[in-house]
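Student: Could you take me through one part of this structure closely, one residue and what surrounds it, and then show me how the rest can be read in the same way?

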Amino acid sequence: MSTEQTILQRCDSKCELCASEQNLTVYHLPPDSEDSADKSVLLCATCDSQIANPETMDSHHWHCLSDSMWNPEPAVQVLAWRVLQCLANESWAQDLLDMLYLEPELQSWAEAASLSTNKEDETEPTLDNNGTRLTAGDTVTLIKDLDVKGAGFTAKRGTVVKNIVLTDNPKHIEGRVNGVRIVLVADYLKKIN
Ligand SMILES: [Zn+2]
């Protein structure tokens, strides 16, 4: 069975966010562009175009999420979370977000991409080499040897850095290596869970 057929069957040929039956298309959740039903959601043209252009979002349309965010399908939950994030300045959307508990695995999937790409007021996330979002207090490991300028040592690949601190620059974090607090390039790190 094709991805599309699997999805059509699972949602009874209705938009998985608003239940419309008009102009349905399969939406693959970024950052995965995989053609897999687990990572895709069936959307109507309205949902699809508003998700593609979050700045045109009509918040009235999205009250449908109060139902669809309880969908058992993880991809639907993740997409609902992302849409609600875009609307989080509306109190009803914030209330729904508070109720929408995602398992940690789904939470990191939800955070791995955002619908809005050009929001000025949103600080850019700090991402490790896998594209996993880093937050203060995380533990990371180096994925390559790094010369620590000024400190006179090489931080070896595999070195574990605990309790990192974010900096103003999303490409850098700070952490202690050999007792020295240094700036590390986020792209050379991998988060350890
Ligand atoms: Zn829809």
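Tutor: Leaving aside the neighbours within four places in sequence, Q77 is in contact with M69, N71, P72, L100, L102 and L106. The model in which we read these contacts is a predicted one. Q77 has its place in helix 4, and with a relative accessibility of 14% this residue counts as buried, because the cut-off for buried is under 20%. The C-alpha atoms of Q77 and G150, which are 73 residues apart along the chain, are separated by 47 Å.

Helix 4, which spans residues 74–86, also takes part in the surroundings of helix 2, since the buried residues of helix 2 pack against it as well as against strand 1 (25–28) and strand 2 (40–43). Which residues of helix 2 are buried? In this helix, made of residues 45–52, they are C47, Q50 and I51. Around the axis they cover an arc of only 100 degrees, and therefore they lie on the same side of helix 2. The general background is that an α-helix has 3.6 residues a turn, so residues three or four places apart point the same way.

C47 leads us on to the metal, because its SG atom is one of the protein donors of the zinc ion, together with the SG atoms of C15, C18 and C44, and these donors lie 2.2 to 2.3 Å from the ion. Along the sequence the donor residues follow the spacing C-x2-C-x25-C-x2-C. The angles among the four donor atoms run from 102 to 117 degrees, and the site is tetrahedral because every angle falls between 85 and 135 degrees. For comparison, the ideal angle for four tetrahedral donors is 109.5 degrees. Two of the donor residues can be set side by side by their accessibility: C15 counts as buried at 3%, whereas C18, with a relative accessible area of 22%, is partly exposed.

We can now turn to the backbone, beginning with the loop between strand 1 and strand 2, where P31 is found. The peptide bond that leads from P30 to P31 is cis, and its omega is near 5 degrees. Another loop, between helix 1 (3–10) and strand 1, holds D12, a residue other than glycine whose phi has a positive value, near 60 degrees. D12 counts as exposed, because its relative accessibility of 54% is over 50%. N178, in the loop between strand 8 (172–177) and strand 9 (180–185), is likewise a residue other than glycine with a positive phi, here near 50 degrees. At 60% relative accessibility, N178 counts as exposed.

Finally, there are the rings. A search for aromatic pairs through the whole structure finds zero, but charged ends do sit over rings, as K39 and W109 show, where the charged end of K39 is 5.6 Å from the centre of the ring of W109. For K144, the charged end sits over the ring of Y188, at 4.3 Å from its centre.

Methods:
Residues are numbered from 1 along each chain as its sequence is written. This is a predicted model: local features need pLDDT of at least 70, side-chain atom pairs count only at pLDDT 80 or more; totals for chains, interfaces and linings use all residues. Side-chain values use heavy atoms; hydrogens and water are left out. Donors are N, O and S atoms within 2.8 Å of the metal (3.2 Å for Na, K and Ca); water is not among the atoms, so sites may look incomplete. Four donors count as tetrahedral if all angles lie between 85 and 135 degrees; four count as square planar and six as octahedral if opposite donors are over 155 degrees apart and all others between 65 and 115; anything else is irregular. Buried means under 20% relative accessible area, exposed over 50%, partly exposed in between (1.4 Å probe, protein chains only). Helices (H or I, at least four residues) and strands (E, at least two) are DSSP runs, numbered from the N terminus. The arc is that of the directions from the helix axis to the C-beta atoms. Contact means heavy atoms within 4.5 Å. Rings of Phe, Tyr and Trp (its six-membered ring) pair if their centres lie within 6.5 Å; planes under 30 degrees apart count as stacked, over 60 as edge-to-face and the rest as tilted. A charge sits over a ring if NZ of Lys or CZ of Arg is within 6 Å of the ring centre and within 35 degrees of the ring normal.
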